[in-house]
Amino acid sequence: MSSTRRRKKKKDLTVPKGKTSAYLFFVIERKKELTSKNPYHRFGSLTNFIGKEWVSMSEEDKIPYFKLAEEDKERYEKEKKEYLKYNQESSSSSSSSSSLSSSSDWSSSSSSSSSKKKKKKKKEKEKEEFG
């Protein structure tokens, strides 16, 4: 019996890191403070406590975190734009026959899902005929 394990696609390490939310900036800051005071508390109980703190905070207290999130969003958009520009240039220069359908579609491919569907239909037909 032959092995049918699929090989993992190599992860593109140049993809920009996603944007960070205001809440996550708050969690990072509070976690550092709380773990220094209480090093033996579990992460789950800390995040539960931090989440309750976030909900009870006023909008004015959250403003610095929203500013950080906005700055990070701008960073992400800039890096994403550069990434897409670089990948479009390199793909067009390396082979003129292969082109991306759209710049926003860089993270997924539709061709692999259609081939999976075809294979699935083929297997179903074989089962009906021989099974």
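The legends below describe an overview and several close-up views of a predicted model.

**View 1. The protein chain as a whole, an all-helical arrangement of 4 helices and 0 strands.** Read from the N terminus on, the elements run α-α-α-α; helices (H or I, at least four residues) and strands (E, at least two) are DSSP runs, numbered from the N terminus. Of the 131 residues in the protein chain, 15% count as buried, where buried means under 20% relative accessible area, exposed means over 50%, and partly exposed lies in between (1.4 Å probe, protein chains only). The protein chain exposes about 11,700 Å², of which carbon and sulfur atoms supply 53%; accessible areas come from the Shrake-Rupley method with a 1.4 Å probe, and for residues only the protein chains shown count as cover. Among contacts (heavy atoms within 4.5 Å) between residues at least 6 apart in sequence, 67% join residues at least 24 apart.

**View 2. Glu33 and Arg30, a salt bridge within helix α1.** A salt bridge is a side-chain nitrogen of Lys or Arg within 4 Å of a carboxyl oxygen of Asp or Glu, and by this rule the count comes to 5 salt bridges. In the pair shown here, the closest N and O atoms of Glu33 and Arg30 are 2.4 Å apart. Because Glu33 and Arg30 are 3 residues apart in helix α1 (residues 22–37), about one helical turn separates them. Glu33 is partly exposed, with a relative accessible area of 31%, whereas Arg30, at 13% relative accessibility, counts as buried.

**View 3. Glu53 and Arg30, a salt bridge between helix α2 and helix α1.** The side chains of Glu53 and Arg30 meet at 2.8 Å, N to O. This pair links distant parts of the chain, with Glu53 in helix α2 (residues 43–56) and Arg30 in helix α1, 23 residues apart.

**View 4. Asp72 and Arg75, a salt bridge within helix α3.** The closest N and O atoms of Asp72 and Arg75 are 3.0 Å apart. Both residues belong to helix α3 (residues 59–94), where, being 3 residues apart, Asp72 and Arg75 are separated by about one helical turn. Asp72 is buried, with a relative accessible area of 12%, while Arg75 counts as partly exposed at 22% relative accessibility. Returning to the earlier views, Arg30, Glu33 and Glu53 are joined into one network by salt bridges that share partners.

**Notes on the views.** Residues are numbered from 1 along each chain as its sequence is written, and side-chain values use heavy atoms, with hydrogens and water left out. In this predicted model, local features need pLDDT of at least 70 and side-chain atom pairs count only at pLDDT 80 or more, while totals for chains, interfaces and linings use all residues.
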